[in-house]
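Here is a short note to go with your first look at this structure. I have set it out as numbered points, so feel free to take them one at a time with the model open beside you.

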Amino acid sequence: MKISISMYSLASTLQRESWRVTEFIEYAKTISLDGVELLDIYWQNPANKDEEIKEIVENLERNNLEVSAYDITNNFVHQKKIERKAEVEKVIEGIRVAKELNANTVRVFCGDIREGLIYEECFDWIIEGLKESAKIAEQEKIVLAVENHGLLAGKSLQIHEILRAVNSPYVKSTFDTGNFLLVHEEPTKAFDRLKQEIAHVHFKDFREKSIHESVKGFRSTEGKELIGVIPGDGKVDLAYIVEGLKKYGYQDWLSIEYEGFEDVKMANEEAVRRLRKLLK
């Protein structure tokens, strides 16, 4: 298995130090990573990014790093078909960019929870969007890895239902180890259900917010707040998941995604050390 870090893990540093993607890549090289996970929200000029892509590819080659996944922020949960079509176009553009970056995986979302809508009502929209996107993914041999993200379709059973309904070898799971806690599902049980469908892994951990803390956490489906921590300091049994991946023969990426309040460079560097120890 190979280790990468999501650019989102350095969100506060990116903002504070005005990092571009190239600065992030240079940093990733200094902490002995195999690759980086890039996101569509960090382009300098999203409407005209081809020159930046060229610069990034050269930087990656110079630093002997790969792109573990290219993440897009799509949302298929729209009542109007024209809006859902625009989201499909966003995924198709993500596939194009992934090819340019020599990446094999595009991380995708199902959609966001909205007042008055429930998962069962949105299911057909999600399947429609993924099936349309999968036509291009299959042609280009790019995997669309659906993340258990948010409160709408964050349970392993929901992800399993979605993957079965789309029924494409190029639509798999981005298994986010921490996000299952937001829907009050034990991550180890989620792993047992989805282990055959995993194409990408987010190595993440959360703990419950204490009543004395003033920081804003991530609110769960039951209204509890969770705080991001260095993997291993929270509620996720990461050793169980890593051992399970080994047993199942998973050979792809484990990508660190830190969402806490500690010094992010220190936190990510410690996460790399812990993950390498688990992989031994």
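1. Let's begin with Phe123, whose relative accessible area of 21% makes this residue partly exposed. Please keep in mind throughout that this is a predicted model. The cut-off helps here: buried means under 20%, so Phe123 at 21% falls into the partly exposed class.

2. Phe123 has a ring partner in Tyr119. The two ring centres are 5.9 Å apart and the planes stand at 75°, so this pair counts as edge-to-face. Both residues sit in helix 5 (residues 119–140), and because they are 4 residues apart there, about one helical turn separates them. Tyr119 itself is buried, with a relative accessibility of 8%.

3. How many aromatic pairs does a search of the whole structure find? The count is 7. Another of the pairs joins Trp19 and Tyr27: their ring centres lie 5.6 Å apart, and the angle of 45° between the planes makes the pair tilted. Trp19 and Tyr27 are both buried. There is also a cluster to look up, in which ring pairs link Phe175, Phe180, Phe191 and Tyr240.

4. Next, do have a look at helix 2 and helix 3. In general, a packed pair of helices is described by two values, the angle between the axes and the distance between them. For helix 2 and helix 3, the axes come within 10 Å and cross at roughly 10°. Since angles under 35 degrees count as roughly parallel, helix 2 is roughly parallel to helix 3.

5. Which residues meet where helix 2 and helix 3 touch? From helix 2 come Val21, Thr22, Ile25 and Glu26. Helix 3 brings Glu52, Glu55, Ile56, Asn59, Leu60 and Arg62. Sorted by class, this contact has 4 nonpolar, 2 polar and 4 charged residues.

6. Two loop residues deserve a check of their backbone angles. Ser32, in the loop between helix 2 (21–30) and strand 2 (35–39), has a phi near 60°, a positive value in a residue other than glycine. Asn64 is likewise not a glycine, and its phi is positive at about 55°. You will find Asn64 in the loop between helix 3 (50–62) and strand 3 (66–71). Asn64 counts as exposed because its relative accessibility is 62%.

7. Is Thr13 buried or exposed? Thr13 counts as buried, because its relative accessibility is 0%. This residue belongs to helix 1 (residues 11–17). Setting aside neighbours within four places in sequence, Thr13 is in contact with Ser18, Trp19, Val264 and Lys265. Trp19 may be familiar from point 3, where it was paired with Tyr27.

8. Finally, please turn to Gln251, in the loop between helix 8 (238–248) and strand 11 (253–256). With a relative accessibility of 56%, Gln251 counts as exposed, since the exposed class covers values over 50%. Beyond its neighbours within four places in sequence, Gln251 is in contact with Met1 and Lys2. His200 is also worth locating: Gln251 and His200 are 51 residues apart in sequence, while their C-alpha atoms are 9.8 Å apart in space.

Methods. Residues are numbered from 1 along each chain as its sequence is written. This is a predicted model: local features need pLDDT of at least 70, side-chain atom pairs count only at pLDDT 80 or more; totals for chains, interfaces and linings use all residues. Side-chain values use heavy atoms; hydrogens and water are left out. Buried means under 20% relative accessible area, exposed over 50%, partly exposed in between (1.4 Å probe, protein chains only). Contact means heavy atoms within 4.5 Å. Axes are lines fitted to C-alpha atoms, for helices over the stretch in contact, and angles run from 0 to 180 degrees between N-to-C directions. Angles under 35 degrees count as roughly parallel, over 145 as roughly antiparallel, 65 to 115 as roughly perpendicular and the rest as oblique. Ala, Val, Leu, Ile, Met, Phe, Trp, Tyr, Cys and Pro count as nonpolar, Asp, Glu, Lys and Arg as charged, and the others, Gly among them, as polar. Rings of Phe, Tyr and Trp (its six-membered ring) pair if their centres lie within 6.5 Å; planes under 30 degrees apart count as stacked, over 60 as edge-to-face and the rest as tilted.
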